[in-house]
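Me: Could you walk me through this structure, one question at a time?

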Amino acid sequence: MNDQELIIAITAGDQKAFRLLVDTYKKSVYNTLLGFLQNIENAEEVTQDVFVKVYETIGSFKNESKLSTWIYRISVNQALDFIRKTKRKKRFGIITYLFGNDNEVLHQPANFEHPGIVLENKEKAAILFSAVNSLPDKQKTAFLLQKIEQCSQQKIAEIMQLNEGAVESLLSRAKTNLKKQLINYYSA
Amino acid sequence: MKNLKNAEKLAEEALKSIDNIQPAEVNDFIFTRIQNRIENNAKGYERVKLKSMHRLAAALLIIIAINIISVKYLVNKNTGNNDRQTSGIDAFSNDYNLQENLNNY
């Protein structure tokens, strides 16, 4: 079943087709979300949200991009929305973060252990994930899609609806910013 | 200086730490949970739809009732005015004995 047939079948209410779509894309969606949210329960919850949204809006999908690109785009948007909502809630709650001059999160406990990282790299990866949190949304998206999902620059450009040059620039700035933060962390 | 070099080295290592990341496994029951959520959303939508239908019906009833009351009030008011107008004409004709005069012709 190709993408077009899958979309038609799901729009017609075919549950088997929808199951096929979930089985095909669940790993990509979940792992993308895990990179953004750095919490297994939240990633699972938002994965469900993504597929519910896909199911409810697949009728409006135009074949301007690949189905996978569209699903990645929904995942990224849902992840960023979830982070924004959580931040808003925290702002009204007990302050547990140390803020910098621009109200930007400078330090978060480096405690996220991605299940797909070898034991010897777990500590370093946790520090890196913590630093990724402070990147601007676009840099974070480009960096995570490249590192977690091994997406090409062209694929990232399609997902983010940018040109490849812009993605290259985002990736370069993301790496520079991360390196700066990590040097500060290790030299402190 | 040595400290900075060491920090740079550690930073590089941290940047490379997720290079060969393996994809995490998804919960086996994810599809069932998605299906449940879709069903709950549909039920919730039906509930909201029914609620808004009830509200719409109530609003329509109120508007119709207001219209009926207004029409009744206006009709009563007009009838009252006509009576008053008639009695005014009667009083005028009585004052000038117009009724009698009319009968005389």
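**A friendly first tour**

Reply: Gladly! Chain A holds 8 helices and 2 strands. Keep in mind that this is a predicted model.

Me: In what order do the helices and strands of chain A follow along the sequence?

Reply: Chain A has 8 helices and 2 strands to place. Reading along the sequence, the pattern is α-α-α-α-β-β-α-α-α-α.

Me: Where in chain A does pLDDT stay under 50?

Reply: Chain A has a mean pLDDT of 89, and 90% of its residues reach 70 or more. Where pLDDT is low, the predicted coordinates should not be read in detail. The stretch to treat that way, with pLDDT under 50, is residues 103–107 of chain A.

Me: What share of the residues of chain A count as buried?

Reply: A residue is buried if 20 or more other C-beta atoms lie within 10 Å of its own. Chain A has 188 residues, and the share that counts as buried is 33%.

Me: Are H1(A) and H2(A) oblique or roughly parallel to each other?

Reply: The axes of helix H1 (residues 3–11) of chain A and helix H2 (residues 15–37) of chain A come within 7 Å and cross at roughly 130°. Angles between 115 and 145 degrees are neither roughly perpendicular nor roughly antiparallel. That makes H1(A), relative to H2(A), oblique.

Me: Which class do the residues of the contact of H1(A) with H2(A) belong to?

Reply: From H1(A) come Leu6(A), Ala9(A) and Ile10(A), which meet Ala17(A), Phe18(A), Leu20(A) and Leu21(A) of H2(A). The contact has no polar and no charged residues, and 7 that are nonpolar.

Me: Is the crossing of H5(A) and H8(A) left-handed or right-handed?

Reply: Helix H5 (residues 122–132) of chain A packs on helix H8 (residues 164–187) of chain A at about 125°, with the axes 10 Å apart. The two helices are therefore oblique to each other. As for its hand, the crossing of H5(A) and H8(A) is right-handed.

Me: How many polar residues does the contact of H5(A) with H8(A) have?

Reply: H5(A) brings Ile127(A), Ala131(A) and Val132(A), while H8(A) brings Leu178(A), Gln181(A), Leu182(A) and Tyr185(A). Among these, 6 are nonpolar and none is charged. The number of polar residues is 1.

Me: Which helix gives the largest share of the side of chain B that touches chain A?

Reply: In all, 24 residues of chain B are in contact with 31 residues of chain A. Helix H1 (2–16) and helix H2 (30–95) of chain B each supply at least two residues of that side. The largest share, 9 residues, comes from H1(B).

Terms used
Residues are numbered from 1 along each chain as its sequence is written. Chains are lettered from A and ligands numbered from 1 in the order in which they are written. This is a predicted model: local features need pLDDT of at least 70, side-chain atom pairs count only at pLDDT 80 or more; totals for chains, interfaces and linings use all residues. pLDDT is the predictor's confidence in each residue, from 0 to 100. Two residues are in contact if their C-beta atoms, placed from the backbone, lie within 7 Å. Helices (H or I, at least four residues) and strands (E, at least two) are DSSP runs, numbered from the N terminus. A residue is buried if 20 or more other C-beta atoms lie within 10 Å of its own, exposed if 12 or fewer, and partly exposed in between; C-beta atoms are placed from the backbone. Axes are lines fitted to C-alpha atoms, for helices over the stretch in contact, and angles run from 0 to 180 degrees between N-to-C directions. Angles under 35 degrees count as roughly parallel, over 145 as roughly antiparallel, 65 to 115 as roughly perpendicular and the rest as oblique. Ala, Val, Leu, Ile, Met, Phe, Trp, Tyr, Cys and Pro count as nonpolar, Asp, Glu, Lys and Arg as charged, and the others, Gly among them, as polar. A crossing is left-handed if the near helix is turned anticlockwise from the far one by less than a right angle, and right-handed if clockwise.
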